[in-house]
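Thanks for sharing this one. Here are some notes to read with the model open beside you.

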Number of protein chains: 2
Amino acid sequence: MKVQRVADKLRRFYHYYPGAVAVIGVRDEKNGANFMPAVWNTGLSFDPPLFGVAVSPKRHTYGLLKDGRPFSVSFFPFEKAGLVARLGSVSGAEVNKVEAFGLEVFGGEVLEVPLLKGAFAAYELEPTDRFQTGDHDFFVGRVRAVWEAEGAFNEHGVPTPDRVEALLYFGRFIYGKPAKETRFLKFR
Amino acid sequence: MKVQRVADKLRRFYHYYPGAVAVIGVRDEKNGANFMPAVWNTGLSFDPPLFGVAVSPKRHTYGLLKDGRPFSVSFFPFEKAGLVARLGSVSGAEVNKVEAFGLEVFGGEVLEVPLLKGAFAAYELEPTDRFQTGDHDFFVGRVRAVWEAEGAFNEHGVPTPDRVEALLYFGRFIYGKPAKETRFLKFR
């Protein structure tokens with residue numbers, strides 16, 4: 001490997017890709033609901049169950065989240081890549097995505113959050129923390145309800161690629177999915 | 001989709017998988033160096049370039065990171081799944097993984113961090129923040145140096161699956177990789 005020293009901003013910052021895309025959904029008086037894909041997301045805690053997403057202050061969604069609203073995150077199959085890419089192609093400040101893309105929206109059962117049809121899984125999240133991390137803020141939410149599509153998970157609740165082709169993002173408008181081939185590697 | 005309300009701990013928390021595995025490397029007087037795989041990781045900021053990993057206080061690595069040491073994160077190809085799985089199968093509190101697994105370690109160029117041969121990319125990270133998030137802590141580091149294997153990235157620096165098969169983790173000891181098929185979806 002060759003090394004490159006980093007002065008300030010990195011010209012390319014994709015080394016840890018691909019990642020599963022979380023589509024954030026939040027109530028929005030302007031549009032009714034707004035949805036934004038975020039690849040900078042991760043699980044954070046089992047007990048309580050916490051999930052985090054990084055959102056730039058440049059995004060329309062940022063103001064809604066900063067307001068302390070509950071939000072949803074939804075996970076889509078590869079076949080919905082076009083929809084997810086379109087959600088990331090315009091801003092809710094300019095476009096009502098629900099109308100523009102004919103989104104099929106339904107409401108959360110526990111929290112007042114919008115959810116999208118077509119996902120294989122989703123969480124309703126109660127906001128717990130917001131951390132400033134450089135040019136993004138990191139929003140943490142506690143899972144209050146889980147949505148699961150039937151058949152998308154194995155007997156242990158894992159979205160294995162024989163059950164569902166989870167949408168992956170590589171950066172630079174490139175989307176993909178996991179290969180069918182997996183390995184079970186348990187050494188303990 | 002069916003909904004499940006969540007009272008406290010979630011029985012299954014894999015809906016956002018698969019994720020790319022980051023192998024954390026940190027200096028360790030006891031073992032010389034210690035390495036631990038972490039699937040709860042994400043990019044956080046472009047400028048400055050920040051990256052975060054969630055680590056449980058139960059882990060040997062936690063004490064080392066809490067100490068404020070610089071650390072590395074390395075990204076491996078699928079063919080190294082066995083090595084990465086082994087790194088997660090024992091604790092540095094009990095086993096010197098470098099000796100036990102015959103690891104090939106080299107030092108960072110900018111920070112005093114251990115790195116592992118066989119990765120296709122790695123960062124040297126200067127710790128900037130630690131946030132408490134439930135039963136894990138979220139450690140944030142600023143990228144000070146980038147390591148890249150030749151040929152693992154496309155012309156824009158993206159690790160596309162025609163260049164490298166990035167190791168993915170699905171949970172429950174199941175490892176995988178991205179499919180070769182991708183889609184370029186640019187709408188703006």
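**Notes on the two-chain model**

1. A good place to begin is A:Phe173, which sits in the loop between strand E12 (168-171) and E13 of chain A. Please keep in mind that this is a predicted model. The phi angle of A:Phe173 is near 70°, a positive value in a residue other than glycine. Most residues other than glycine have a negative phi, so this loop deserves a look on your screen. As for its surroundings, A:Phe173 is partly exposed, because 17 other C-beta atoms lie within 10 Å, and a residue counts as buried at 20 or more and as exposed at 12 or fewer.

2. Now turn to the other copy. B:Phe173 is found in the loop between strand E12 (168-171) and strand E13 (174-176) of chain B. Its phi is likewise near 70°, again positive in a residue other than glycine. B:Phe173 has 17 C-beta neighbours inside 10 Å and therefore counts as partly exposed.

3. How are the two chains related? A turn of 180° with a shift of 0.0 Å along the axis lays chain B on chain A, with an RMSD of 0.0 Å. The two copies are thus related as by a two-fold rotation axis. The same surface serves both of them, since 100% of the contact residues of chain B recur in chain A.

4. Next, the contact between the chains. Here 83 residues of chain B are in contact with 83 residues of chain A. On the side of chain B that touches chain A, strand E11 (residues 136-148) of chain B gives the most, with nine residues. Sorted by class, that side of chain B has 47 nonpolar, 18 polar and 18 charged residues.

5. The chains also pair through strands. Strand E13 (residues 174-176) of chain A and strand E14 (residues 183-184) of chain B run antiparallel and pair over two bridges. If you would like a residue to click on, try A:Tyr175, whose bridge partner in E14(B) is B:Arg183.

6. Finally, two peptide bonds to check. Most peptide bonds are trans. The bond from A:Tyr17 to A:Pro18, however, is cis, with omega near 5°. A:Pro18 lies in the loop between strand E1 (2-5) and strand E2 (19-20) of chain A. In chain B, a cis peptide bond joins B:Asp47 and B:Pro48, with omega about 5°. B:Pro48 belongs to the loop between strand E5 (41-45) and strand E6 (50-55) of chain B.

Key:
Residues numbered from 1 in each chain as written. Chains lettered and ligands numbered in written order. Predicted model: local features only at pLDDT ≥ 70, side-chain atom pairs only at ≥ 80, totals over all residues. Least-squares fit on C-alpha atoms with pLDDT ≥ 70 in both. Contact = placed C-beta atoms within 7 Å. Helix = DSSP H or I, 4+ residues; strand = E, 2+ residues; numbered from the N terminus. Nonpolar A, V, L, I, M, F, W, Y, C, P; charged D, E, K, R; others polar. Pairing = 2+ DSSP bridges.
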